[in-house]
Amino acid sequence: MIFERLAASVGALLERRVSRRGALARAAVAGSAFAVAPARYLLRPGTAWAVIGPGNCSSGLCTDGYTAFCCEIEQGRNRCPSGTYVAGWWKCTSYTGGGLCKSEGVRYYLDCNRMPGAVFPGGCQCADGDCGKRRVDCNHFRYGQCNTQIAGTTEVVCRLVICQNPATVGGLNCNGTEMIDDRTCSHEAGCLDGLAVQFPGQGGI
């Protein structure tokens, strides 16, 4: 009886404070998260959005096949997350945007791949659980010009941006084999704007 009264009280409170549409939206998100990863949703802390992956999105950047920038998941820092390493790079030959590397007119993108044997928290997902952001830890791929002492291919967790050829940056352990993908010249993220430090450091290597 006490549980029935409690449920009725909570229901009345929600009815007053939460719109029906908002409640239904949250229920749908929770339902999707539970369907995708029931154990993770029930046993780990965090919101339902944290387990939403590309397959749950009908549109948005998370469905375009590309990987998110590291600064989007590393609190604005242009570095590889823990448990990852720089596995390869490519060049955007004609950058005309207003973000990082605008004065150089070129950008170099570096993939931070999951370290073999490591597990990236949450696995394949949309950055910040947002269908409007690109994917994290989903694309099983490696260009392979960097850290060739690490064998195998794992998922690309996120991407760095620097303004000079990675083969000339000490500590990245990259060779000069050039790959080009100018389709990525238009890729931006707010956290890349105004970055003063171009060198990504050695986090995760």
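In this predicted model, the side chains of Asp64 and Arg134 are joined by a salt bridge, with 2.8 Å between N and O. Asp64 belongs to the loop between α3 (38-43) and α4 (70-73), and Arg134 to the loop between β3 (125-126) and β4 (135-136), so the contact ties together parts that are 70 residues apart in sequence. The two partners differ in their surroundings: Asp64 is partly exposed, with a relative accessible area of 32%, whereas Arg134 is buried at 9%. The count of salt bridges in the model comes to six.

Another of these links involves strand β2. Glu188 forms a salt bridge with Arg107, the closest N and O atoms lying 3.2 Å apart. Because Glu188 is found in the segment after β6 (155-162) and Arg107 in strand β2 (residues 107-114), this pair ties together parts that are 81 residues apart in sequence. Glu188 is partly exposed, at 31% relative accessible area, while Arg107 is buried, at 0%. Arg107 also takes part in a contact with an aromatic residue: its charged end sits over the ring of Tyr95, 4.0 Å from the ring centre.

Strand β2 is also tied to strand β6 through Arg114 and Glu155, whose side chains meet in a salt bridge of 2.8 Å, N to O. Glu155 lies in β6 and Arg114 in β2, so the bridge connects parts that are 41 residues apart in sequence. Here Glu155 is buried, at 17% relative accessibility, and Arg114 is likewise buried, at 17%.

The aromatic side chains supply a further set of contacts, with five aromatic pairs counted. In one of them, Trp90 and Tyr109 are stacked, 5.2 Å centre to centre and with 5° between the planes. This pair links distant parts of the chain, since Trp90 is in strand β1 (residues 84-92) and Tyr109 in strand β2, 19 residues apart. Both rings belong to buried residues, Trp90 having 4% relative accessibility and Tyr109 0%.

Trp90 pairs with Tyr143 as well, in a tilted arrangement with 5.6 Å between centres and 45° between the planes. Tyr143 lies in the loop between β5 (139-140) and β6, so its pairing with Trp90 of strand β1 ties together parts that are 53 residues apart in sequence. Tyr143 is partly exposed, with a relative accessible area of 26%.

Ring pairs join Trp90, Tyr109 and Tyr143 with Phe69 and Phe141 into a cluster. Phe69 has a charged neighbour too: Arg159 lies over the face of its ring, at 4.5 Å from the ring centre.

Methods. Residues numbered from 1 in each chain as written. Predicted model: local features only at pLDDT ≥ 70, side-chain atom pairs only at ≥ 80, totals over all residues. Heavy atoms only, no water. Salt bridge = Lys/Arg side-chain N within 4 Å of Asp/Glu carboxyl O. Helix = DSSP H or I, 4+ residues; strand = E, 2+ residues; numbered from the N terminus. Buried < 20%, exposed > 50% of the residue type's maximum accessible area, 1.4 Å probe, protein only. Phe/Tyr/Trp six-rings, centres within 6.5 Å; stacked < 30°, edge-to-face > 60°. Lys NZ or Arg CZ within 6 Å of the ring centre and 35° of its normal.
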